[in-house]
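This text walks through one structure step by step. Please keep the sequence and the 3D view at hand while reading.

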Amino acid sequence: MIQPRRIRRIAINTGGGDAPGLNAVIRAVTLASINRGWEVLGICDGYASFLGGEPLMKLTRTAVRGIASLGGTILGTTNKGNPFETQVKLPGMRRARLAADLVVEGIHKARIDGVIAVGGDGSLSIAYKLMQMGVPIIGVPKTIDNDLMYTSVTFGFDTAVQTATEALDKMHSTAAAHERVMVVEVMGRHAGWIALNAGISGSCHVILIPEIPFDITKVCEHLDARRKRGRHYAIVCVAEGAVTRTGGPVYRTPKAKGCEGRLGGIGEWVAQEIERRMGWETRTLVLGHLQRGGSPSTFDRLLGLRYGAAAVRLAAAGLWGHMVTFNPPNMGSIPLEEIAQRTKRVPVDGDTVLTARELGIGFGD
Ligand code: F6P
């Protein structure tokens with residue numbers, strides 16, 4: 001474990017897709033550090049401050065005043081340009097160099113004693129590799145998808161579920177008015193937490209998630225049973241990463257080398273199949289990035305502040321190379337190496353899925 005002798009200056013960055021609550025983490029890290037007599041710097045747009053981008057930002061009490069309630073991240077973020085796969089040529093350099101080497105040099109040059117890296121699986125595996133290169137680093141888990149292992153819930157998830165539930169609530173009246181099926185596609189790349197939680201709370205009739213590959217015939221049978229009970233509208237909630245029993249995920253932009261590909265389109269496919277097979281008018285709504293935007297819920301603000309404060313406690317204790325975890329009611333930690341390439345998926349026989357089944361919600365299985 002890397003233990004710098006004494007902390008004078010730490011830095012924080014945010015990487016990957018944004019999530020409501022990031023600014024709360026930044027505020028807590030800043031205040032808890034300043035209260036220990038440390039100086040705090042913000043690294044902009046992932047690690048761009050070391051790669052010719054926006055310069056390091058001094059984070060003072062004033063800089064973080066009033067930001068806990070704001071969506072987005074005051075530091076900017078990116079989910080492109082993994083520094084271990086990108087070559088960069090800065091002005092004055094004779095040849096391009098691996099971005100990760102420039103990041104490590106930049107951290108040393110700025111006399112940064114440790115970094116708090118806030119991000120999802122991609123950003124945390126970058127953090128782990130930087131640690132292996134000698135950077136004292138602490139990870140804070142972030143994703144609206146809630147698919148990171150070893151932590152009960154990530155900040156941003158609650159807000160995203162709230163947004164999705166409100167949208168589903170609104171779908172009921174328009175679907176009923178036109179006697180239509182409404183298919184709502186929500187985020188959830190590898191895991192269906194948002195679709196499941198919002199789908200149940202928003203009284204959906206069918207929920208499709210990546211963990212339960214579906215059969216479109218079964219989906220139609222489920223909807224038909226509802227129609228035969230005299231109900232002339234239905235709401236289907238689909239996670240963007242949902243898959244049929246025989247096919248893979250649907251991509252808007254296909255997978256390519258070094259890029260995961262943009263998911264999207266499964267909702268439209270499901271809608272077209274329902275309309276074609278059942279002759280029931282169907283429309284699709286893709287909620288997309290609406291779920292990542294806006295002010296964090298009270299739960300996510302508090303959780304973000306708790307994650308940030310806990311990260312600073314880990315730094316003070318010299319627990320570099322760890323990720324903060326949330327194990328209610330307490331915060332904890334786990335070595336970064338444990339979390340790489342692991343995904344927390346919805347347990348298909350867990351209580352929430354069971355509850356949905358008890359309520360008569362179909363999963364197309
Ligand atoms: O990981 C969070 C997430 O919102 C996924 O659900 C989604 O597939 C992805 O980010 C979209 O990212 P982008 O900002 O690149 O569109």
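With which residue does aspartate 18 form a salt bridge? The partner is arginine 292, and the closest N and O atoms of the two are 2.9 Å apart. The model in which this pair is found is a predicted one. To place the pair, begin with the division of the chain.

The chain is split into two domains, each assembled from two stretches of sequence. Domain 1 takes in 9-154 and 296-328, while domain 2 takes in 160-293 and 347-358. Aspartate 18 therefore falls within the bounds of domain 1, and arginine 292 within those of domain 2, as the domain assignment sets them. Between the C-alpha centres of the two domains the distance is 33 Å.

Next comes the interface. On the side of domain 1, eight residues are in contact with domain 2, and on the other side 12 residues of domain 2 take part. The size of an interface is often expressed as the accessible area that is lost when the parts come together. For domain 1 and domain 2, the buried area is about 870 Å², and carbon and sulfur atoms account for 52% of it. Within domain 1, the residues that lose the most area to domain 2 are Asp18, Ile144 and Asp145; together they make up 51% of what that side buries.

The polar side of this interface can be listed briefly. Three residue pairs are in polar contact between the domains. By residue type, the side of domain 1 that touches domain 2 has four charged, two polar and two nonpolar residues. The rule finds one salt bridge across the interface, and the pair of aspartate 18 and arginine 292 is a salt bridge with its ends in the two domains.

Arginine 292 also leads to the ligand. The residues around the ligand are Asn79, Asp145, Met187, Gly188, Arg189, Glu240, His289 and Arg292. Of this shell, four residues are charged, three are polar and one is nonpolar. Asp145, named above for the area it loses to domain 2, is thus met again beside the ligand.

Three residues of the shell place a polar side-chain atom by an oxygen atom of the ligand. The distance is 2.7 Å for arginine 292, 2.9 Å for asparagine 79 and 3.0 Å for aspartate 145. On its own the ligand has 400 Å² of accessible area, and the protein covers 75% of that.

Key:
Residues numbered from 1 in each chain as written. Predicted model: local features only at pLDDT ≥ 70, side-chain atom pairs only at ≥ 80, totals over all residues. Heavy atoms only, no water. Contact = heavy atoms within 4.5 Å. Buried area = accessible area lost by both parts, 1.4 Å probe. Salt bridge = Lys/Arg side-chain N within 4 Å of Asp/Glu carboxyl O. Polar contact = N/O pair within 3.5 Å; in protein donor to acceptor, adjacent residues only side chain to side chain. Nonpolar A, V, L, I, M, F, W, Y, C, P; charged D, E, K, R; others polar. Near = heavy atom within 4 Å. Areas by Shrake-Rupley, 256 points an atom, 1.4 Å probe, with all protein chains shown as cover.
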